Amino acid sequence: MAEGPVPEQGKVAKIAFAILAACVLAACTQPVNSPYSAAESGGSVLYSAFGERPKHLDPARSYSENEYVFLGNIYEPPLQYHYLKRPYELEPQTAAGMPTVRYFDAAGRELPVDADSARIALSEYEIRIKPGIRYQPHPCFARDAAGKPRYIPMRPEELAGIDNFLDFTETGSRELTADDYVYQIRRLAHPRVQSPILGLMSDYIVGLKDLAKVLAEAAKAQSKEAYLDINAFDFEGAYVVDRHTYRVRLKGKYPQFVYWLAMPFFAPVPEEAERFYRQPGMAAKNFSLDWQPVGTGAYYLAENEPNRVMRLERNPHYREDFYPAEGAPGDREAGLLADAGKRLPMVDRVVYSLEKEDVPYWNKFLQGYYDASGITSDSFDQAIRMNADGEPDLTPDMRERGIQLATAARPTLSYMGFNMLDPVVGGLSEPARKLRQALSIAIDYEEFISIFLNGRGLVGQGPIPPGIFGYREGIEGVNPVVFRTDCADRDSRSRGNDGGCQRFKRRPLEDARRLLAEAGYPNGRDARTGQPLTLYFDTAASGPEAKSRMDWFRKQFAKLDIQLVVRATDYNRFQDKMRKGSAQIFEWGWNADYPDPENFLFLLYGPHRKVGTGGENAANYQNPRFDRLFERMKDMDNSPERQAVIDRMVHLVREDAPWLFAFHPKSFGLRHGWVKNVKPNLMSHNLLKYRRVDPAARATYQAKWNRPVLWPVAVTAAVLAGMIWPAVAAYRRRQKATAHA
Amino acid sequence: MLNYIVRRLLYAIPILLGVNLLTFALFFMVNTPDDMARIHLGAKHVTEEAIQGWKREHGYDKPLFFNAGVEGAAKVGDTLFVEKSLKLFVLDFGPADDGRDIAREIKTRMWPSLAIALPTFLVGLLAYISFALLLVFFRGTRLDTAGVILCVALMSISGLFYVIAGQYVMGKLWHWFPISGYQPGLDAWKFLLMPVLVSLVAGIGDSARFYRALFIEEIGKDYVRTARAKGLSELRVLFRHVLGNAMIPILTGVVVVIPRLFLGSLIIESFFGIPGLGSYTIDAIQAQDFAIVRSMVFLGSLLYIAGLVLTDISYTLVDPRVRLE
Amino acid sequence: MSFKPVLLWSDALILLLLAVVAAGVWLLRHNETFRAPLRQVLASRMGSATALILAVYVGIGLLDSLHYVERLPDEPGKAAQYSGEVKSALDKLLSPLRENVEKTYSAPFATHLYAKETMTGPDGREVRDYPRLKHGGAHLADPDQEFWPDVLKRGGLGVLGGMVCWTLLILPLWQRGRTHSALAWTLLCILVVTGLLVALAPHYHVLGTDKVGQDVLYLSLKSVRTGLLIGTLTTLVVLPLAIGLGIAAGYFGGRVDDVIQYLYTTLNSIPGVLLIAAAVLVVQVQIEAHPELFDTAAARADMRLLALCGILGLTGWTGLARLLRAETLKLRELEFVQAARAFGVSRMRILARHLLPNVMHLVLITVVIDFSGLVLAEAVLSYVGVGVDPAMISFGNMINGARLELAREPVVWWQLVAAFLFMFVLVLAANLFADQVRDALDPKARGRA
């Protein structure tokens, strides 16, 4: 280095100048209440927030919505959902085409595609990926002049000098290969990874269970620090055919598997990453796949400081990917196809700030510092009003700000469950069923939706939410146990405008009382003993919102003269009760993993019940007829036959009423006018690459909305002076008095 | 004196041991390792093998206090309690249950906490004592009555309300400060001003009233009358004699909290989105991350003991009559 | 009998507390050292006025502590059965307020809901408008025209009633010259407000309704008992521990000091919220483990409240104890204590006669500040999720709920204001009253006066 050291003084002056310049610049370019530093703002940037720090960013381990917000944009599984088309449709992402499947019987003979599912012993999926896809820049790929990995292995003293991830100054990249996909499938069995779907996938992927067992033994045998080479063990479940092709072998037939191929669990992870991060000393410095992902997606995680901010930057090696050219009807009119064919991604940087409370989030959104926001029940009236047709619409205030609204039905069901093992409300006997039916009628979820969700929900009619095959629209989807279709009646909940018989309303309370009497509790009292009926509601919810909800539930049960005792407890205790089956009535919900009815109906499948097997059937519902139908339905393709089977299953569940189908929430999203190409897509997580922003418009609005109000400063000063004056006067008086005395 | 300090420091060991015993007993009564595993593994598709795997990975697969499965001293030694708590004594906090290094987290989060707690503490102490002295100076007048009523009014408002109102008025209506958030370095001031102001206002009622009561108590004593009889000015009496003699109760309340300033404030930090140790603790409680809670409790105890020793030393400095035996 | 009394655990403790206070008064009725200050307090303007206000609060709290279950209509040939819902005498008094539940928010004195709804008009068309309330102002045919005359008429009657009561009460006292103006004015205020509420509350929601349409006035009145209980029962746990251990540690020093210091340092060194959170969770687990002991919602909430008081007490005594220890350290070096020791006065006597009275003012100040602090702490604990039972009506739960309401636009302010007002009056009265007690009890202050 030829340059000598800069004299100390000069350095100080330089820094001082830089600071001054930064302050002046900051004062000029952004309002004083901006939560971003001057360096962070401006440019093609999206601003968003996260409510709690993501626990896991390892794609084999992460299984929650708030982590997928990041992971979906960093990792690329072979498949994705089409951004615009509805109903949700799978399309290739890194794959060259949709996977092909071949079926084999127990003897290993190949079967035709339409073979009876009972004969299929093995299915083999083949996935070809596009060549030439490259990973983000990452130190695990860095190589020295001799072509050897730069940081693998790493001397402890060298690692000791590195404190920040950015201190790994050298990075590299390489092409994505089929090996990386197979490696990730093996990682599901890695004992240190603890993948949450290992149990589920072990039932399907050939040999995964054995691999997990062997790996666990091997891990126990070696020291904790040692590297566990998972490629060194036999595994039949997935293998590489050539550089860009791999196959996955499943037991039996599992048509839902293609949906899993769109989830981060099946995204590629390079072996170099494992080798790099599993070196001794790395984890203690927070260098791990759980913290610094390595992906091929449109963005990479440039800064991960989950106490404050997470910053995604455009991946410079991102493959050729283009905005879709076709969408659902109406998308073109909505301007969603204006960017058709353009190279993705369109935004350079995405800044996520930590924001735990709803109130500041909402206020910052209104100040223009966040680009998009949901709507809480408390901000609803400010943002939304119903127009003359009863459709949600923005208030004039929001309109004036150029804010846009997008709504979508969520593939989610919230339900109130009855523990079918409970002696009072459970069981398939006629009286118990009637008791549950009576409650289904009495608990007026239309009122619940209007009070607690501001109408942002659809009353549940069955276990399958809208947008998923098997759901029935309108009058033919109405649950006859709870609702009455009555064309003559005017006070209706439905707004069928084709003039047909589209109206239905909740059955009157008398029906519920009659059912209750038939169940053995006339007027809410046990017909045998005369004792008043008391039911128990178990919940882990706490806080003010929960309190008013519990008050409301009590009111609903009281309509039938039933006393409801709310047993509020913490999450652990609640889970424990659910597992032991000692709960009586509870609230529960399910978000679709993938848009298939199997993902909802399996929640009522007897062999999956919670008590004993630890499955997801929280109500412990077990009806052999339902179970037989489920086994038939799950392997069927979407067809009228499948619909018929589903209809029979739904009918059974409505009659037995193990659940009270509460509601399907609707998602309401607001965004500022400067964000383009927003269409709610509740299955995809790689949405950032489609977004576009207009930074100039944002800067103008931010300046306009954030002029500081200065008169209170003057008023405060005046008030302080007003308070000090009498004090001074009194002090003078006293001084005089003592002087005279 | 030195003897005393050494004794107190040795004495810290049983206290910290007691603290550890209590936290372990309480937390494991609430949360068995199985519960912890379930929380960290999420809600969907959790199997028994996954739970056992998690426990093994995080070292929760041993008995709590007594291991009947092994021989000799290991019966007590090879247990969760010994394994997890002894390391704390050499300040080896280990990784949190979510795998991240706690010591590292503490090192980075300590600064934002201090940035709020220290100005709040110093400015607060100065402001509250001055205000209290002012009230005492005007005792018996309407100013005093008005001041006391103001104090009582301020202290009967929930702290949460100050935070909500401060954010609403200064942040939302007047656009003075960012509503929440934090930036390290030079930009920090604009994020710190509002939480500091809010905490100052929230604390004034309680503290000023308490100090006023102490001073009023002192002012009735004979030496004050003597001082006054000597012809000393009222201000001099207040500052020299009253303040000096009220020092012991003031110090008792004040010195002990100084080391704990590092830990920050739970409510303020989580409301204003300050990435300090207070919000770290709240998050850990909500996520039931026992490793973090255990470390924070231990650290809190340690700093508290340091505060106690400081307090006793400060007594001898302000009042020679106090003997440390 | 159409009802059966129910004695909750907290009711029993209140009765115990009352009995202790009564016994104390009975025993000390001839003791001049206590009678004189007490008389002085009650004779002062501030003391009598605040005592009256506190008495009203205590009265509300006591009424709310007389619990019972109603008897269900008999069915022939079966044993009498009682409702599972535990009510209190206050509930019975306030039954119009308790039963007049609306659908959701409504402003004070509103006749319409606070949010618009889609309704089917008389002509069959759907319109979006503010619906009429089911109870608030429901007797008015045309609210626009009749609202003010009706409110003024009822309000006027209420004020008149209050003044009549006041006159009837105050006249005999005045004749005997046993009262003075501050007390009289306070009584007038209380009676007029009561009169107004009695006249208006059954017909309007005077303080509005909350998210699920419950009357906020009813919630505020019910919160009084919770607040008083947390303040008093916690203090009951704190006092003996703090005074006994604090003074003993300061006076005896040595081994005793070590053990006591070890106890309170260990407890105190654990950050408070963490300790309380853990302890509350443990109690909750115990309640879950024995559901058969807590068969009604009221019993569960009650047990949780008591546990909270106990925990706050067990964790809260350390601060006062430390303060007392430091003060005792100072006092024991003073001449009069040294002299008493030199004269061979017994230790217990020195503690009780010389030290205790000299630290009593610290105890009182701390207790009063703690009283309001405890009531307020409950809101913070609710925020962390370890406060009183979510089903329990309390100031904390009200304020915590109001947190979200302030973010609404237009803002829902009445629940916060109601909780604030009721709490403010309570704390202010308690503080001012305690100031009087302090002035009266403090030996030095008495000498000066």
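The legends below describe close-up views of a predicted model.

**View 1. Overall make-up of chain B in the predicted model.** Chain B contains 15 helices and zero strands, and its C-alpha atoms fill a box of roughly 80 × 60 × 35 Å when this is taken along the principal axes. Of the 325 residues in chain B, 58% count as buried. Among contacts in chain B with a sequence separation of 6 or more, 69% are accounted for by residues 24 or more positions apart. For the model, the scores are ipTM 0.80 and pTM 0.81.

**View 2. The crossing of helices H5 and H15 in chain B.** Helix H5 of chain B, which covers residues 80-89, and helix H15 of chain B, which covers residues 290-318, have axes that come within 11 Å and cross at roughly 40°. Because angles of 35 to 65 degrees fall outside the roughly parallel and roughly perpendicular ranges, H5(B) and H15(B) are oblique to each other. The crossing in which H5(B) passes H15(B) is right-handed.

**View 3. Residues that meet between H5(B) and H15(B).** From H5(B), the residues taking part are Lys84(B), Leu88(B) and Phe89(B), and they meet Arg294(B), Ser295(B) and Phe298(B) in H15(B). Sorted by class, this contact of H5(B) with H15(B) has three nonpolar residues, one polar residue and two charged residues.

**View 4. The surroundings of Gly59(B) in a loop of chain B.** Gly59(B) is found in the loop that lies between helix H3 (48-57) and helix H4 (74-77) of chain B. Gly59(B) counts as buried because its relative accessibility is 16%, and the cut-off for buried is under 20%. When residues up to four places away in sequence are not counted, Gly59(B) touches Leu80(B) and Lys84(B); Lys84(B) is also one of the H5(B) residues that meet H15(B). Measuring no contact but only separation, Gly59(B) and Thr79(B) are 20 residues apart in sequence and 9.9 Å apart in space, C-alpha to C-alpha.

**View 5. Confidence along chain C, with residues 445-449 in view.** Chain C has a mean pLDDT of 81, and 90% of its residues reach 70 or more. Over residues 445-449 of chain C, however, the pLDDT is below 50, and this stretch has six contacts in the model beyond near neighbours in sequence. Where pLDDT is low, predicted coordinates should not be read in detail.

Key:
Residues are numbered from 1 along each chain as its sequence is written. Chains are lettered from A and ligands numbered from 1 in the order in which they are written. This is a predicted model: local features need pLDDT of at least 70, side-chain atom pairs count only at pLDDT 80 or more; totals for chains, interfaces and linings use all residues. Side-chain values use heavy atoms; hydrogens and water are left out. Axes are lines fitted to C-alpha atoms, for helices over the stretch in contact, and angles run from 0 to 180 degrees between N-to-C directions. Helices (H or I, at least four residues) and strands (E, at least two) are DSSP runs, numbered from the N terminus. Angles under 35 degrees count as roughly parallel, over 145 as roughly antiparallel, 65 to 115 as roughly perpendicular and the rest as oblique. A crossing is left-handed if the near helix is turned anticlockwise from the far one by less than a right angle, and right-handed if clockwise. Contact means heavy atoms within 4.5 Å. Ala, Val, Leu, Ile, Met, Phe, Trp, Tyr, Cys and Pro count as nonpolar, Asp, Glu, Lys and Arg as charged, and the others, Gly among them, as polar. pLDDT is the predictor's confidence in each residue, from 0 to 100. Buried means under 20% relative accessible area, exposed over 50%, partly exposed in between (1.4 Å probe, protein chains only).
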